[in-house]
Amino acid sequence: MLEYKDNLVFMFNGEPAEIMEITETGVTAKVPDFASTGVISVSVEDVIVFGPEFTVTGFIKLDPTFRATAGTNNRVERVVPMPDGKMFVLGHFNNYDNKGIVRPLNRIVRTFSDGTYDPSFRTGNGANGFLTSLLPFGNKYVIAGGFGGYGQQTQNISNITVLNTNGTIDTMGIHTFRRPEQTDTIKYFPAFNGGTDGRINRVYEQEGKLIITGDFRYYLSRRYDEPNLYETRDTVILDSTEARQIIRLNADGSLDKTFRFDGNKTFQGANGNIDTYMHQEGTLAGKILVSGRFTTFDGQPAGYITRLNPDGTIDEDFKSGSGANYFIHSATYNEHLEKYVITGAFKSYDGTLAAGIAVLNKDGTLDPAFQAKIVEGGYPNYAEMLDDGLIVVSGEFTKYDGVTRNAFMVLSPDGSLAPGYNATGTFNGDLDDIIETRSEDNKRALLLVGDFYRFNNEEVDNIIRVVLE
């Protein structure tokens, strides 16, 4: 390459490097500041030659103490840590760390802190659809998502039910309808008698009741001891009440019409899909952030984001102004720093430039200390602010601020790429949740879950733990 030395461009995974020396036997180049694990390339004008893969060592590495190296065979929606150090893993999968090969593990498993499967949580056939949420509730667990059966109860469930602490479904015995000449026996049904006609995204507890949110329009309940028109034995009558997107249920599953109802009429909700975040502590405790793909909420203009008071009414203290100018894909909150992070296809927030990612103060105003740089190749679709202010971002992008970042990056609180944290190579897929935790040898760590199959150019399966050094 000596004869081309004046026109030679040497790249580390898309980032140009300073050439220190060219000889008859090789090229010496300085690794650029934001180089990441990937492929070397050499080009002269329009001719390009790809070289070997190389590894850049940064502050983020796969955690060797996380034992679930086989991951799952489908999307992980959420991980719910428990006080005893164990975790619930929920999603669309039926195999976890190759423990579901003989008998499928349908959509829910409990693990130890190192990710190993806990067989003492007996789910039987599990859910026949996907799961998005689990909430400890009294001495039981509420699970929700998009499913119509769980374990031995293959019907009479509408996207939400209650489990005992060992993983079995909580049931009740009912004297169902029989005509006088028929034998009276007890039949068992799910004890939680309530649900929805569409997907449930989140479940929260509020003073002994349940707030559920999602993409539904009707609340559903069942009557088991009354006859239908034909007086059929073991009749199940399905009742429905219009109740949009955000509702509150009593502990037995019945609808609480004192929340987001005007008499017998439900509030309008959003004119598009929503996701929510309910504050659990501090001055905002009980308030619910609502974001998504909507431009009105309860009949009021809303730029894809609004916030509700604990009683379900619109929070006038949330100063989002005109909000985002296009849909918000994710909205997360750091309780320690009292900051929201939103991502999506928007280009501005309340009239101020904010391309694809923005940080908001707890009152909904834009945080001017964070200045997003130019995102190329797509937009961020998930971000989480860590307790030290670093922001972990994933999405369908290829460059950030002119630097090659393949769908994963870590930003400083001011919006710049965090030095040392952006050496990881290609990430393929989507993140749905990030949890700050510790490795088994007590290093700072992040649990990453979602629908992804490659991290730092290594094959992975939807759930990994990385250490931050």
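**Backbone outliers, core packing, voids and aromatic pairs**

Asn457 is found in the loop between S40 and strand S41 (458-459). In this predicted model, the residue has a positive phi of about 65°, although Asn457 is not a glycine. A second non-glycine residue with positive phi is Glu45, for which the angle is near 55°. Glu45 lies in the loop that runs between strand S4 (38-44) and strand S5 (47-54). The relative accessibility of Glu45 is 70%, and because exposed means over 50%, the residue is classed as exposed.

The largest nonpolar core comprises 21 residues, and the members that touch the most others are Phe408, Leu448 and Phe455. Two or more residues of this core come from each of strand S38 (408-411), strand S39 (428-438), strand S40 (444-455) and strand S42 (463-468). The biggest contribution is that of S40, which gives four residues.

The surroundings of Phe408 were examined further. With neighbours within four places in sequence set aside, Phe408 is in contact with Leu448 and Phe455, both named above among the members that touch the most others. The remaining contacts of Phe408 are Ile60, Val392, Val393, Ser394, Phe397, Thr424, Phe427 and Leu431.

Aromatic pairs number 18 in the structure. One of them joins Phe88 and Tyr141 in an edge-to-face arrangement, with 5.0 Å centre to centre and 65° between the planes. This pair links distant parts of the chain, since Phe88 belongs to strand S8 (residues 87-91) and Tyr141 to strand S11 (residues 140-146), 53 residues apart. Phe88 has a relative accessible area of 0% and is therefore buried. Tyr141, with a relative accessible area of 12%, is also buried, because the limit for this class is under 20%.

Phe408 and Phe455 form another edge-to-face pair, with 5.3 Å centre to centre and an angle of 80° between the planes. Because Phe408 lies in strand S38 and Phe455 in strand S40, the pair ties together parts that are 47 residues apart in sequence. Both Phe408 and Phe455 are buried. Beyond these pairs, Tyr277, Phe318, Tyr333 and Tyr340 make up one aromatic cluster.

Internal voids were considered next. The structure holds one cavity of 30 Å³ or more, and the volume of the largest cavity is about 40 Å³. The lining of the largest cavity consists of Asn156, Ile157, Ser158, Ile160, Thr161, Phe192, Asn193, Gly194, Arg222 and Tyr224. By class, this lining has four nonpolar residues, five polar residues and one charged residue.

For the second largest pocket, the volume is about 210 Å³. Its lining is made up of 14 residues, of which Pro301, Thr306, Ile314, Phe318 and Ser320 are the closest to the centre. Phe318 is also a member of the aromatic cluster with Tyr277, Tyr333 and Tyr340. At least two lining residues are supplied by each of strand S26 (300-301) and strand S27 (305-308). The largest share, three residues, is that of S27. The lining of the second largest pocket has six nonpolar, five polar and three charged residues.

Methods. Residues numbered from 1 in each chain as written. Predicted model: local features only at pLDDT ≥ 70, side-chain atom pairs only at ≥ 80, totals over all residues. Heavy atoms only, no water. Core = buried A, V, L, I, M, F, W, Y, C linked by side-chain atoms within 4.5 Å. Buried < 20%, exposed > 50% of the residue type's maximum accessible area, 1.4 Å probe, protein only. Contact = heavy atoms within 4.5 Å. 1 Å grid on protein atoms, 1.4 Å probe; cavity = no way out; pocket = protein on both sides within 12 Å on 5 of 7 lines; lining within 4 Å. Points joined across faces, edges and corners; volume = space filled by probe spheres on them. Nonpolar A, V, L, I, M, F, W, Y, C, P; charged D, E, K, R; others polar. Phe/Tyr/Trp six-rings, centres within 6.5 Å; stacked < 30°, edge-to-face > 60°.
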